[in-house]
Amino acid sequence: LDLCSRYNRSLDQGNEEELMACWARSGIAFECASGKFSDWDQLRRFFSKELHGGFSTGKRHLIFNIVVREADGVDSAFVDSEYLIIDVQNHFEIVGAGSYKNDKVIRTSMGWSFQKRFQKPDLGAISMKAALPSAASLT
């Protein structure tokens, strides 16, 4: 649960270093409305754009209905959750919603980290895709 909260707080605060500290250094996969990322440096470039003038600027990310399931031993787990994204800069409005399903987290020397994360926006939130940088623009 701490990992999910640190991830969202990092997005809210625009803290790229803290956000990337939530990710394992190898074997990563992140899928979202903007594309698929499997390289740590590419993921960092995506989040850098996202945090500095991208869609996440001026937003609050809320996560709830978190379910943690056992995976391969005590050093990994699967996490499901749901989220809301609220615009708090321009006006108070829900601008995104969806779920994360089968996120894989692993225990590292620095604590728990995401290794795989699969974001699925709700159909009504698909319009936010236009505001996000695409994976192709980061290569």
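Visitor: In which strand is the place of N102?
Guide: This is a predicted model: local features need pLDDT of at least 70, side-chain atom pairs count only at pLDDT 80 or more, and totals for chains, interfaces and linings use all residues. Residues are numbered from 1 along each chain as its sequence is written, and side-chain values use heavy atoms, without hydrogens and water. Strands (E, at least two residues) and helices (H or I, at least four) are DSSP runs, numbered from the N terminus. Residues 93-108 make up the strand that holds N102, strand β5.

Visitor: What is the phi of N102?
Guide: Most residues other than glycine have a negative phi. N102 is not a glycine, yet its phi is positive, at about 60°.

Visitor: Is N102 buried, partly exposed or exposed?
Guide: Buried means under 20% relative accessible area, exposed over 50%, and partly exposed in between (1.4 Å probe, protein chains only). The relative accessible area of N102 is 42%. Therefore N102 is partly exposed.

Visitor: Which residue in strand β3 has a positive phi near 50°?
Guide: The residue is not a glycine, and its phi is positive. Its place is in strand β3. The residue is N65.

Visitor: In what order do the six strands form the sheet?
Guide: Strands of a sheet pair through backbone hydrogen bonds, either parallel or antiparallel. Two strands count as paired if DSSP finds at least two bridges between them. Here the sheet is open and the pairing is mixed. The order is β2-β1-β6-β5-β4-β3.

Visitor: Which are the edge strands?
Guide: An edge strand here pairs on one side only. That picks out β2 (35-37) and β3.

Visitor: How many bridges join β3 to β4?
Guide: Strand β3 (residues 59-71) and strand β4 (residues 73-87) run antiparallel. They form a hairpin with one residue between them. A71 stands opposite G73, and K59 has D87 as its bridge partner. The number of bridges is eleven.

Visitor: What angle does helix α1 make with β3?
Guide: Helix α1 (residues 2-13) packs on the sheet, touching β1 (29-32), β3, β4, β5 and β6 (111-121). Contact means heavy atoms within 4.5 Å. Axes are lines fitted to C-alpha atoms, for helices over the stretch in contact, and angles run from 0 to 180 degrees between N-to-C directions. The angle is about 160°.

Visitor: What share of the protein's residues is buried?
Guide: The protein has 139 residues. Its pattern along the sequence is α-α-β-β-α-β-β-β-β. The buried share is 47%.
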